[in-house]
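Student: I have a structure on my screen and no idea how to read it. Can we walk through it together?

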Amino acid sequence: MVKRSFLKRSILKRVGGSTILGLFLSVTCLIALQTPVLAGAIKLNYANFPPAPTFPCVQMERWKVEVEKRTNGQVQINTFPGGTLLGAKGMMDGVVAGQADIGNICMAYQPGRFVVTNATSLPLGIKDAKTGSMALLKLYERYKPKAFENVVVLAMFTNAPGNVMSKVPVRTLEDMKGLDLRASGGAAQILKAWGANPVGMPMPATVEALQKGTVKGLFSSLEVMKDSKFAENCKFVTMTQTVIYPFSVIMNKGKWNSLPADVQKVMMDLKQEQSLWTGTYMDDHIKRAIAWSKESNNVEFISLSAQEKARWDGKLDFITENWIKGAKEKGLPAEEIIKDIKTYIQ
Ligand code: DTR
(Lines give C-alpha, C1' and ligand atoms only; values in the text may rest on other atoms or scores of the structure.)
Protein backbone atom coordinates (compact mmCIF):
# COMPACT_ATOMS: atom_id res chain seq x y z
CA MET A 1 0.00 0.00 0.00
CA VAL A 2 2.72 2.40 1.16
CA LYS A 3 4.87 1.38 -1.76
CA ARG A 4 2.02 1.98 -4.24
CA SER A 5 1.13 5.48 -3.03
CA PHE A 6 4.83 6.37 -3.01
CA LEU A 7 5.06 5.19 -6.61
CA LYS A 8 1.98 7.28 -7.53
CA ARG A 9 3.44 10.40 -5.90
CA SER A 10 6.81 9.99 -7.60
CA ILE A 11 5.18 9.47 -11.01
CA LEU A 12 3.06 12.57 -10.46
CA LYS A 13 6.13 14.51 -9.46
CA ARG A 14 7.96 13.48 -12.60
CA VAL A 15 4.95 14.05 -14.87
CA GLY A 16 4.31 17.32 -13.00
CA GLY A 17 6.03 20.63 -13.75
CA SER A 18 7.25 20.79 -17.29
CA THR A 19 5.50 17.64 -18.53
CA ILE A 20 2.01 18.76 -17.43
CA LEU A 21 2.66 22.21 -18.90
CA GLY A 22 3.72 20.59 -22.16
CA LEU A 23 0.60 18.45 -22.24
CA PHE A 24 -1.58 21.48 -21.52
CA LEU A 25 0.10 23.48 -24.28
CA SER A 26 -0.30 20.76 -26.88
CA VAL A 27 -4.01 20.34 -26.04
CA THR A 28 -4.52 24.13 -26.25
CA CYS A 29 -2.70 24.23 -29.61
CA LEU A 30 -4.84 21.40 -30.93
CA ILE A 31 -8.03 23.22 -29.92
CA ALA A 32 -6.73 26.49 -31.36
CA LEU A 33 -5.86 24.78 -34.63
CA GLN A 34 -9.31 23.31 -34.94
CA THR A 35 -11.52 26.25 -33.94
CA PRO A 36 -10.54 29.04 -36.39
CA VAL A 37 -12.56 27.21 -39.02
CA LEU A 38 -15.59 27.82 -36.81
CA ALA A 39 -14.97 30.87 -34.62
CA GLY A 40 -14.79 34.21 -36.33
CA ALA A 41 -13.96 33.07 -39.85
CA ILE A 42 -16.18 35.86 -41.17
CA LYS A 43 -15.97 39.14 -39.25
CA LEU A 44 -18.67 41.77 -39.70
CA ASN A 45 -18.80 45.30 -38.28
CA TYR A 46 -22.22 46.53 -37.14
CA ALA A 47 -22.61 50.31 -36.58
CA ASN A 48 -25.31 51.96 -34.48
CA PHE A 49 -25.83 55.64 -33.64
CA PRO A 50 -27.43 55.84 -30.15
CA PRO A 51 -25.82 54.76 -26.85
CA ALA A 52 -25.64 51.10 -25.82
CA PRO A 53 -28.62 50.98 -23.39
CA THR A 54 -31.13 52.25 -26.00
CA PHE A 55 -33.45 49.82 -27.81
CA PRO A 56 -31.75 49.98 -31.25
CA CYS A 57 -28.56 48.76 -29.58
CA VAL A 58 -30.30 46.15 -27.42
CA GLN A 59 -31.76 44.60 -30.58
CA MET A 60 -28.32 44.80 -32.24
CA GLU A 61 -26.74 42.73 -29.42
CA ARG A 62 -29.56 40.20 -29.62
CA TRP A 63 -29.06 39.82 -33.39
CA LYS A 64 -25.31 39.38 -32.90
CA VAL A 65 -25.82 36.59 -30.37
CA GLU A 66 -28.39 34.80 -32.55
CA VAL A 67 -26.30 35.00 -35.74
CA GLU A 68 -23.13 33.81 -34.01
CA LYS A 69 -25.05 30.95 -32.41
CA ARG A 70 -26.97 29.91 -35.52
CA THR A 71 -23.86 29.96 -37.72
CA ASN A 72 -21.96 27.91 -35.12
CA GLY A 73 -19.38 30.64 -34.73
CA GLN A 74 -18.74 30.84 -38.49
CA VAL A 75 -19.66 34.52 -38.28
CA GLN A 76 -18.38 36.99 -35.69
CA ILE A 77 -20.13 40.35 -35.32
CA ASN A 78 -18.32 43.34 -33.83
CA THR A 79 -20.83 45.90 -32.60
CA PHE A 80 -20.21 49.67 -32.45
CA PRO A 81 -22.89 51.51 -30.42
CA GLY A 82 -22.98 55.25 -29.69
CA GLY A 83 -21.89 56.45 -33.14
CA THR A 84 -18.36 55.10 -32.65
CA LEU A 85 -18.21 53.84 -36.23
CA LEU A 86 -20.97 55.80 -38.00
CA GLY A 87 -23.42 58.48 -36.81
CA ALA A 88 -27.18 58.83 -37.43
CA LYS A 89 -26.94 60.98 -40.58
CA GLY A 90 -24.04 59.20 -42.26
CA MET A 91 -25.29 55.66 -41.57
CA MET A 92 -26.92 54.82 -44.90
CA ASP A 93 -24.15 56.20 -47.09
CA GLY A 94 -21.49 54.75 -44.77
CA VAL A 95 -22.92 51.25 -45.15
CA VAL A 96 -23.30 51.64 -48.94
CA ALA A 97 -19.64 52.74 -49.09
CA GLY A 98 -18.55 49.83 -46.88
CA GLN A 99 -17.33 51.90 -43.90
CA ALA A 100 -19.43 49.48 -41.87
CA ASP A 101 -20.77 46.12 -43.07
CA ILE A 102 -24.06 46.53 -41.21
CA GLY A 103 -25.81 49.64 -39.87
CA ASN A 104 -29.01 50.69 -38.17
CA ILE A 105 -30.82 53.67 -39.67
CA CYS A 106 -33.69 55.76 -38.35
CA MET A 107 -35.49 56.52 -41.60
CA ALA A 108 -37.43 59.44 -40.15
CA TYR A 109 -34.17 61.39 -39.88
CA GLN A 110 -34.14 61.54 -43.71
CA PRO A 111 -37.79 62.05 -44.71
CA GLY A 112 -37.13 62.79 -48.39
CA ARG A 113 -34.94 59.73 -48.87
CA PHE A 114 -37.23 57.03 -47.50
CA VAL A 115 -40.62 58.27 -48.69
CA VAL A 116 -42.43 54.91 -48.82
CA THR A 117 -41.29 53.45 -45.48
CA ASN A 118 -41.66 56.84 -43.76
CA ALA A 119 -45.38 56.69 -44.53
CA THR A 120 -45.60 54.52 -41.39
CA SER A 121 -44.65 57.62 -39.38
CA LEU A 122 -47.81 59.46 -40.48
CA PRO A 123 -50.58 59.84 -37.88
CA LEU A 124 -52.46 56.72 -38.97
CA GLY A 125 -53.12 55.23 -35.53
CA ILE A 126 -50.35 52.62 -35.07
CA LYS A 127 -50.99 51.55 -31.49
CA ASP A 128 -47.72 49.90 -30.48
CA ALA A 129 -44.25 48.93 -31.66
CA LYS A 130 -45.14 45.33 -32.46
CA THR A 131 -47.94 46.42 -34.81
CA GLY A 132 -45.72 49.15 -36.26
CA SER A 133 -42.78 46.82 -36.85
CA MET A 134 -44.83 44.18 -38.64
CA ALA A 135 -46.63 46.78 -40.77
CA LEU A 136 -43.33 48.41 -41.72
CA LEU A 137 -41.74 45.12 -42.75
CA LYS A 138 -44.80 44.13 -44.79
CA LEU A 139 -44.81 47.52 -46.50
CA TYR A 140 -41.13 47.17 -47.36
CA GLU A 141 -41.59 43.64 -48.73
CA ARG A 142 -44.57 44.72 -50.83
CA TYR A 143 -43.02 47.85 -52.41
CA LYS A 144 -39.25 47.08 -52.20
CA PRO A 145 -38.52 50.85 -52.37
CA LYS A 146 -35.70 52.08 -54.58
CA ALA A 147 -34.04 53.73 -51.57
CA PHE A 148 -32.83 50.25 -50.51
CA GLU A 149 -31.57 49.05 -53.89
CA ASN A 150 -27.91 49.33 -52.85
CA VAL A 151 -28.25 47.47 -49.55
CA VAL A 152 -29.75 44.29 -48.14
CA VAL A 153 -32.40 44.71 -45.44
CA LEU A 154 -31.83 42.47 -42.40
CA ALA A 155 -34.63 43.76 -40.14
CA MET A 156 -37.19 46.55 -39.84
CA PHE A 157 -38.84 47.79 -36.70
CA THR A 158 -40.41 50.85 -35.12
CA ASN A 159 -40.42 52.45 -31.71
CA ALA A 160 -43.65 52.82 -29.75
CA PRO A 161 -45.95 55.84 -30.32
CA GLY A 162 -44.63 59.22 -29.17
CA ASN A 163 -45.70 61.19 -26.11
CA VAL A 164 -44.77 64.58 -24.67
CA MET A 165 -42.19 64.43 -21.85
CA SER A 166 -41.76 67.82 -20.23
CA LYS A 167 -40.50 69.85 -17.29
CA VAL A 168 -43.86 71.64 -17.04
CA PRO A 169 -47.32 70.03 -17.04
CA VAL A 170 -49.13 69.93 -20.40
CA ARG A 171 -52.83 69.26 -19.82
CA THR A 172 -54.44 71.00 -22.80
CA LEU A 173 -53.44 72.19 -26.26
CA GLU A 174 -53.11 75.69 -24.79
CA ASP A 175 -50.24 74.50 -22.54
CA MET A 176 -48.28 73.53 -25.66
CA LYS A 177 -48.21 77.08 -27.00
CA GLY A 178 -44.61 78.19 -27.62
CA LEU A 179 -43.14 75.32 -25.56
CA ASP A 180 -39.61 74.44 -26.71
CA LEU A 181 -39.71 70.70 -27.33
CA ARG A 182 -37.11 68.52 -28.96
CA ALA A 183 -38.27 66.50 -31.94
CA SER A 184 -36.68 64.85 -34.93
CA GLY A 185 -37.79 64.18 -38.50
CA GLY A 186 -41.49 64.41 -39.25
CA ALA A 187 -42.42 64.87 -35.58
CA ALA A 188 -41.43 68.53 -35.87
CA GLN A 189 -44.51 69.34 -37.97
CA ILE A 190 -46.71 67.54 -35.44
CA LEU A 191 -45.39 69.69 -32.58
CA LYS A 192 -45.82 72.78 -34.72
CA ALA A 193 -49.42 71.86 -35.48
CA TRP A 194 -50.00 71.59 -31.75
CA GLY A 195 -48.58 75.08 -31.23
CA ALA A 196 -45.25 74.08 -29.68
CA ASN A 197 -41.84 75.26 -30.80
CA PRO A 198 -40.02 72.22 -32.25
CA VAL A 199 -36.27 72.14 -31.74
CA GLY A 200 -34.54 69.66 -34.05
CA MET A 201 -31.69 67.48 -32.80
CA PRO A 202 -30.85 63.78 -32.74
CA MET A 203 -31.69 61.74 -29.66
CA PRO A 204 -28.13 61.61 -28.22
CA ALA A 205 -27.91 65.44 -28.10
CA THR A 206 -31.14 65.71 -26.09
CA VAL A 207 -29.59 64.73 -22.75
CA GLU A 208 -27.45 67.86 -22.63
CA ALA A 209 -30.17 70.10 -24.10
CA LEU A 210 -32.53 69.11 -21.28
CA GLN A 211 -29.89 69.58 -18.59
CA LYS A 212 -28.91 73.01 -19.94
CA GLY A 213 -32.54 74.02 -20.40
CA THR A 214 -32.20 74.63 -24.16
CA VAL A 215 -35.43 72.62 -24.44
CA LYS A 216 -38.28 72.14 -21.97
CA GLY A 217 -38.94 68.58 -22.99
CA LEU A 218 -39.17 66.22 -25.90
CA PHE A 219 -41.57 64.23 -28.04
CA SER A 220 -40.70 60.55 -28.47
CA SER A 221 -41.43 57.05 -27.21
CA LEU A 222 -41.36 56.64 -23.43
CA GLU A 223 -38.60 54.05 -23.03
CA VAL A 224 -36.10 56.96 -23.14
CA MET A 225 -37.47 58.14 -19.76
CA LYS A 226 -35.53 55.19 -18.30
CA ASP A 227 -32.80 54.42 -20.85
CA SER A 228 -31.63 58.03 -21.13
CA LYS A 229 -32.77 58.98 -17.61
CA PHE A 230 -35.03 61.76 -18.95
CA ALA A 231 -37.33 61.12 -15.97
CA GLU A 232 -34.78 62.98 -13.84
CA ASN A 233 -35.54 66.18 -15.79
CA CYS A 234 -39.04 65.63 -17.17
CA LYS A 235 -41.47 65.19 -14.31
CA PHE A 236 -44.55 65.22 -16.59
CA VAL A 237 -45.70 63.02 -19.44
CA THR A 238 -48.73 63.84 -21.58
CA MET A 239 -50.10 60.70 -23.21
CA THR A 240 -50.71 61.63 -26.85
CA GLN A 241 -49.79 58.18 -28.27
CA THR A 242 -49.01 59.71 -31.65
CA VAL A 243 -46.78 58.38 -34.43
CA ILE A 244 -43.89 55.92 -34.48
CA TYR A 245 -40.44 56.14 -36.10
CA PRO A 246 -39.38 53.51 -38.62
CA PHE A 247 -35.91 51.93 -38.37
CA SER A 248 -34.05 49.53 -40.64
CA VAL A 249 -31.00 47.32 -40.28
CA ILE A 250 -29.12 47.27 -43.57
CA MET A 251 -26.08 45.49 -44.96
CA ASN A 252 -23.53 46.44 -47.59
CA LYS A 253 -24.46 44.63 -50.80
CA GLY A 254 -20.94 43.55 -51.77
CA LYS A 255 -20.38 42.12 -48.30
CA TRP A 256 -23.72 40.31 -48.50
CA ASN A 257 -22.80 38.76 -51.86
CA SER A 258 -19.52 37.52 -50.39
CA LEU A 259 -21.30 35.53 -47.65
CA PRO A 260 -21.84 31.77 -48.00
CA ALA A 261 -25.42 30.75 -48.80
CA ASP A 262 -25.95 29.05 -45.41
CA VAL A 263 -24.99 32.27 -43.59
CA GLN A 264 -27.29 34.32 -45.82
CA LYS A 265 -30.08 31.87 -45.01
CA VAL A 266 -29.54 32.27 -41.25
CA MET A 267 -29.82 36.06 -41.64
CA MET A 268 -32.88 35.96 -43.90
CA ASP A 269 -34.61 33.47 -41.59
CA LEU A 270 -34.00 35.95 -38.79
CA LYS A 271 -35.44 38.97 -40.60
CA GLN A 272 -39.08 38.72 -39.52
CA GLU A 273 -38.23 37.15 -36.16
CA GLN A 274 -35.82 39.95 -35.28
CA SER A 275 -38.31 42.63 -36.35
CA LEU A 276 -41.02 41.09 -34.20
CA TRP A 277 -38.61 40.55 -31.28
CA THR A 278 -37.64 44.22 -31.33
CA GLY A 279 -41.23 45.49 -31.47
CA THR A 280 -42.17 43.22 -28.58
CA TYR A 281 -39.09 44.19 -26.56
CA MET A 282 -39.95 47.87 -27.10
CA ASP A 283 -43.57 47.48 -25.95
CA ASP A 284 -42.53 45.55 -22.82
CA HIS A 285 -39.77 48.01 -22.08
CA ILE A 286 -42.18 50.96 -22.27
CA LYS A 287 -44.14 49.39 -19.40
CA ARG A 288 -40.94 49.03 -17.36
CA ALA A 289 -39.95 52.64 -18.11
CA ILE A 290 -43.36 53.98 -17.02
CA ALA A 291 -43.25 52.03 -13.75
CA TRP A 292 -39.65 53.12 -13.10
CA SER A 293 -40.44 56.80 -13.85
CA LYS A 294 -43.34 56.77 -11.39
CA GLU A 295 -41.50 54.91 -8.64
CA SER A 296 -38.06 56.45 -8.76
CA ASN A 297 -38.81 59.95 -10.09
CA ASN A 298 -42.40 60.56 -9.16
CA VAL A 299 -43.34 61.44 -12.74
CA GLU A 300 -46.98 62.42 -13.35
CA PHE A 301 -48.63 60.75 -16.36
CA ILE A 302 -51.38 62.97 -17.78
CA SER A 303 -54.09 61.38 -19.91
CA LEU A 304 -56.17 63.56 -22.20
CA SER A 305 -59.96 63.30 -22.11
CA ALA A 306 -61.54 61.87 -25.28
CA GLN A 307 -62.73 65.36 -26.16
CA GLU A 308 -59.30 66.93 -25.64
CA LYS A 309 -57.57 64.10 -27.56
CA ALA A 310 -59.91 64.68 -30.51
CA ARG A 311 -58.77 68.32 -30.58
CA TRP A 312 -55.11 67.24 -30.74
CA ASP A 313 -55.71 64.56 -33.39
CA GLY A 314 -57.84 66.93 -35.49
CA LYS A 315 -54.84 69.23 -35.95
CA LEU A 316 -52.86 66.50 -37.76
CA ASP A 317 -55.05 65.53 -40.73
CA PHE A 318 -53.17 67.80 -43.12
CA ILE A 319 -49.91 65.84 -42.55
CA THR A 320 -51.13 62.71 -44.33
CA GLU A 321 -52.80 64.82 -47.03
CA ASN A 322 -49.49 66.62 -47.69
CA TRP A 323 -47.58 63.34 -47.77
CA ILE A 324 -50.02 61.91 -50.34
CA LYS A 325 -49.57 64.98 -52.53
CA GLY A 326 -45.77 64.82 -52.34
CA ALA A 327 -45.60 61.06 -52.91
CA LYS A 328 -47.87 61.31 -55.94
CA GLU A 329 -45.60 63.95 -57.42
CA LYS A 330 -42.77 61.43 -57.07
CA GLY A 331 -44.82 58.90 -59.04
CA LEU A 332 -45.63 56.69 -56.04
CA PRO A 333 -49.00 54.96 -55.52
CA ALA A 334 -49.60 57.12 -52.45
CA GLU A 335 -53.22 56.26 -51.67
CA GLU A 336 -52.53 52.55 -52.06
CA ILE A 337 -49.59 52.79 -49.65
CA ILE A 338 -51.79 54.48 -47.01
CA LYS A 339 -54.54 51.93 -47.57
CA ASP A 340 -52.05 49.08 -47.16
CA ILE A 341 -50.67 50.48 -43.89
CA LYS A 342 -54.20 50.87 -42.53
CA THR A 343 -54.94 47.25 -43.42
CA TYR A 344 -51.68 45.96 -41.91
CA ILE A 345 -52.27 47.72 -38.57
CA GLN A 346 -55.80 46.46 -38.03
N1 DTR B 1 -38.31 58.88 -31.73
C2 DTR B 1 -37.09 58.88 -32.46
C3 DTR B 1 -36.54 57.52 -32.46
C4 DTR B 1 -36.15 56.96 -31.14
C5 DTR B 1 -36.94 56.52 -30.13
N6 DTR B 1 -36.18 55.99 -29.11
C7 DTR B 1 -34.88 56.11 -29.46
C8 DTR B 1 -33.73 55.75 -28.80
C9 DTR B 1 -32.54 56.00 -29.42
C10 DTR B 1 -32.47 56.57 -30.69
C11 DTR B 1 -33.60 56.93 -31.38
C12 DTR B 1 -34.82 56.71 -30.77
C13 DTR B 1 -36.24 59.96 -31.89
O14 DTR B 1 -36.76 60.63 -31.04
O15 DTR B 1 -35.12 60.17 -32.32
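Tutor: Gladly. Start with one residue, Ser248, which sits in strand β10. Keep in mind that this is a predicted model.

Student: Is Ser248 buried or exposed?

Tutor: Use the cut-off: buried means under 20% relative accessible area. Ser248 has 0% relative accessibility, so it counts as buried.

Student: Which residues is Ser248 in contact with, leaving aside its neighbours within four places in sequence?

Tutor: The list is Gly103, Asn104, Ile105, Met107, Phe148, Val153, Ala155 and Met156. Two of these names will return shortly.

Student: Which strand pairs with β10 over 7 bridges, and in what sense?

Tutor: Strand β4 does, and the pairing is antiparallel. For one bridge, find Val153 in β4; its partner in β10 is Ile250. β4 covers residues 151-158, and 8 of its 8 residues are buried.

Student: How do I read the side chains of a strand?

Tutor: In a regular strand they alternate between the two faces of the sheet. Try β5, residues 162-166. Gly162, Val164 and Ser166 point one way, while Asn163 and Met165 point the other way.

Student: Which of these residues are buried?

Tutor: All of them, on both sides of β5. That is 5 of 5 residues, so to read it plainly, the strand is mostly covered.

Student: Which strands pair with β5?

Tutor: β9, residues 236-242, pairs with β5 in the antiparallel sense over 4 bridges. β8 also pairs with β5 in the antiparallel sense, over 4 bridges. Check one position on each side. Gly162 stands opposite Thr242 in β9. Val164 has Phe219 in β8 as its bridge partner.

Student: Now a helix. What should I look for?

Tutor: An α-helix has 3.6 residues a turn, so residues three or four places apart point the same way. Look at α9, residues 203-212. Its buried residues are Met203, Thr206, Ala209 and Leu210. Viewed down the axis of α9, they fall within an arc of 95 degrees, so they line one face of the helix.

Student: Which exposed residues are on the face of α9 turned away from the buried side?

Tutor: Gln211 and Lys212.

Student: What do the buried residues of α9 pack against?

Tutor: Three elements: β6 (180-183), β8 (217-220) and α10 (224-227). You have met β8 already, as a partner of β5.

Student: What follows α9?

Tutor: Gly213, with a positive phi near 85 degrees.

Student: Which residues other than glycine have a positive phi?

Tutor: Lys229 is one, with phi near 55 degrees. Val243 is another, with phi near 50 degrees. Both are in loops. Lys229 is in the loop between α10 and β9. Val243 is in the loop between β9 and β10.

Student: Are Lys229 and Val243 buried or partly exposed?

Tutor: Take each in turn. Lys229 has a relative accessible area of 39%, so it is partly exposed. Val243 is at 10% relative accessibility, so it counts as buried.

Student: How do I spot residues that are far apart in sequence but meet in space?

Tutor: Compare the two separations. Asn297 and Phe230 are 67 residues apart in sequence, yet 9.8 Å apart in space, C-alpha to C-alpha. Asn297 is in helix α12, residues 261-297. At 13% relative accessibility, Asn297 counts as buried. Beyond its neighbours within four places in sequence, Asn297 is in contact with Ala231, Glu232, Lys235 and Trp292.

Student: How many residues are in the largest nonpolar core?

Tutor: There are 103. Those with the most contacts inside this core are Phe148, Met267 and Trp323. Domain 1 (42-158 + 245-285) and domain 2 (162-243 + 294-344) both give residues to the core, so it lies between them. Phe148 also appeared among the contacts of Ser248.

Student: What is Trp323 in contact with, beyond its neighbours within four places in sequence?

Tutor: Val115, Ala119, Leu122, Ala334, Ile337 and Ile338.

Student: Now step back. How many helices and strands does the protein have?

Tutor: It has 15 helices and 11 strands. Of its 346 residues, 48% count as buried. Among contacts between residues at least 6 apart in sequence, 75% join residues at least 24 apart. The accessible surface of the protein is about 16600 Å², with 58% belonging to carbon and sulfur atoms.

Terms used
Residues are numbered from 1 along each chain as its sequence is written. This is a predicted model: local features need pLDDT of at least 70, side-chain atom pairs count only at pLDDT 80 or more; totals for chains, interfaces and linings use all residues. Side-chain values use heavy atoms; hydrogens and water are left out. Helices (H or I, at least four residues) and strands (E, at least two) are DSSP runs, numbered from the N terminus. Buried means under 20% relative accessible area, exposed over 50%, partly exposed in between (1.4 Å probe, protein chains only). Contact means heavy atoms within 4.5 Å. Accessible areas come from the Shrake-Rupley method with a 1.4 Å probe; for residues, only the protein chains shown count as cover. The arc is that of the directions from the helix axis to the C-beta atoms. Two strands pair if DSSP finds at least two bridges between them. A nonpolar core is a set of buried Ala, Val, Leu, Ile, Met, Phe, Trp, Tyr and Cys residues joined through side-chain atoms within 4.5 Å. Domain bounds come from an automatic or database domain assignment.
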